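Trainee: Could you take me through the salt bridges of this protein, one pair at a time? I'd like to know where the partners sit and how open they are to solvent.

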Amino acid sequence: MHAINDKVFITSVLNPNMRVFDVVMCTEYGTSYNSYVVVGSDKTALIDANHATFSHEWLEKVDEALGGGKPDYLVLNHTEPDHSGCVAACLKRYPELEVVCSAAAAINIKHITNLPELEPRVVKDGESIDLGGLTLQFVSAPFLHWPDTMFTWIPEQKLLFSCDFLGAHFCEPRLFDHKIVFARDYTTAFKEYYDAIMAPFGPWVAKGLDKLEALDPEVVAPSHGPILTKRGRLATGIEHYRAWSAVPAADTPRKISLFYCSAYGNTQKLAAAIATGIRKALPEARVCAHDLVDADMAHLGAELNSSDAFLLGSPTLNRDAVPPIWNLVAEIDAVNIAKRPVAFFGSYGWSGEALPALSERLATLKAAVYEPQFRVRFVPSENELDAAEEFGAEFARSLE
Ligand code: FEO
């Protein structure tokens, strides 16, 4: 049985074959669903549960860690079903178990377990439970990455259970940061996890880091990926989160990105002309055009979400925008897109429905949809390319 020390056992389940998480996130390196058993001299607590698919395997590990004993508490740091899917099975096995969680999590877990009579023990920031020689202290950490999230801290061991914070969808069997074999892959997975899960909540990440650093942990045990230690990668992980969540300085040049697909090079010509117009109108801006074909969609999604303004270019196919553009739209951070300026352009052959369809979708997301859209029929003429350049300049001027 793996353990962090002689009182904290690791009951994580490895899922090396997972390639997609939450339907949309590609996970090239699999994942681990981490959970722990903390054994005090009087009481025993489970820290987080597991994905419903792995109920049986997880409960076997819990049984082994308990060595025939029964747990007193199940602490839920967060109720997303990858950590709560087998709570109902756990309560069936251990009916005396007391569920401990935040107020928001208490509502969720009733609906996840379909146990309306379940009455979790709701804990607030700073509250604690004495296990005998070990204390579980709860630290509110909302929006990291759900409203219900909290951390659990064991002061006697300087050990923090950080939920998804500082986690990664990464799966190696030796569980600790200083034992990682494929370090470069872990670094990639750590960044991808941040971009997909934490990036929409930058200000909350900064607050979470403040709380974490005030505790000065020796060990941070997240709910996915390797356990981080002071002698390993903890400081680097914190440093990265600080940098990625930092608010750009006021004098940082604006980033304006164009994303397009082009079947016959026509929408691509428009993208180039529009980019030229933007650069002429806003010479200090960082302007970059991205062709979506064969691109890494997660990377482009991060580019879009970090842009101050952006443009989407699509031909019309089957009375719609083309699938790669919609795939990119699916990467948009809906939490932070409100009021972000967006414009649309593209070449079309028959009826040109792509741009209105995109505009309608982005309006639903509450982006600041720029009008008019810029479209040409088939191949842009020299005059139309000049007009595209002027369109780019107009859009850029609208940002001032
Ligand atoms: Fe790993 Fe947000 O659950």
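Mentor: Happy to; here is a walk through some of the salt bridges, with a short look at the domain contact at the end.

Please keep in mind that this is a predicted model. A search of the whole structure finds 15 salt bridges. Let's begin with Lys 280 and Glu 389, whose side chains meet at 2.6 Å, N to O. Lys 280 belongs to helix α8 (residues 266-281) and Glu 389 to helix α12 (residues 382-398), so this pair ties together parts that are 109 residues apart in sequence. Lys 280 is exposed at 58% relative accessibility, while Glu 389 is partly exposed at 23%.

Next comes Lys 230 with Asp 216, where the closest N and O atoms are 2.9 Å apart. Here both partners are in loops: Lys 230 between β17 (228-229) and α7 (234-245), Asp 216 between α6 (202-215) and β16 (219-222), so the parts they tie together are 14 residues apart in sequence. Lys 230 is partly exposed, with a relative accessible area of 39%, and Asp 216 is partly exposed too, at 36%.

The third pair is Glu 119 and Lys 110, with closest N and O atoms 3.1 Å apart. Glu 119 is exposed at 59%, whereas Lys 110 is partly exposed at 22%.

Now for the domains, assigned as domain 1 (8-245) and domain 2 (255-397). Between them the count is zero salt bridges, but there is one residue pair in polar contact. The two domains bury about 290 Å² between them, 56% of it on carbon and sulfur atoms.

Conventions: Residues are numbered from 1 along each chain as its sequence is written. This is a predicted model: local features need pLDDT of at least 70, side-chain atom pairs count only at pLDDT 80 or more; totals for chains, interfaces and linings use all residues. Side-chain values use heavy atoms; hydrogens and water are left out. Domain bounds come from an automatic or database domain assignment. Buried area is the accessible area (1.4 Å probe) that two parts lose on being put together, summed over both. A salt bridge is a side-chain nitrogen of Lys or Arg within 4 Å of a carboxyl oxygen of Asp or Glu. A polar contact is a pair of N or O atoms within 3.5 Å; within protein, one must be able to donate a hydrogen and the other to accept it, and residues adjacent in sequence count only if both atoms are side-chain atoms. Buried means under 20% relative accessible area, exposed over 50%, partly exposed in between (1.4 Å probe, protein chains only). Helices (H or I, at least four residues) and strands (E, at least two) are DSSP runs, numbered from the N terminus.
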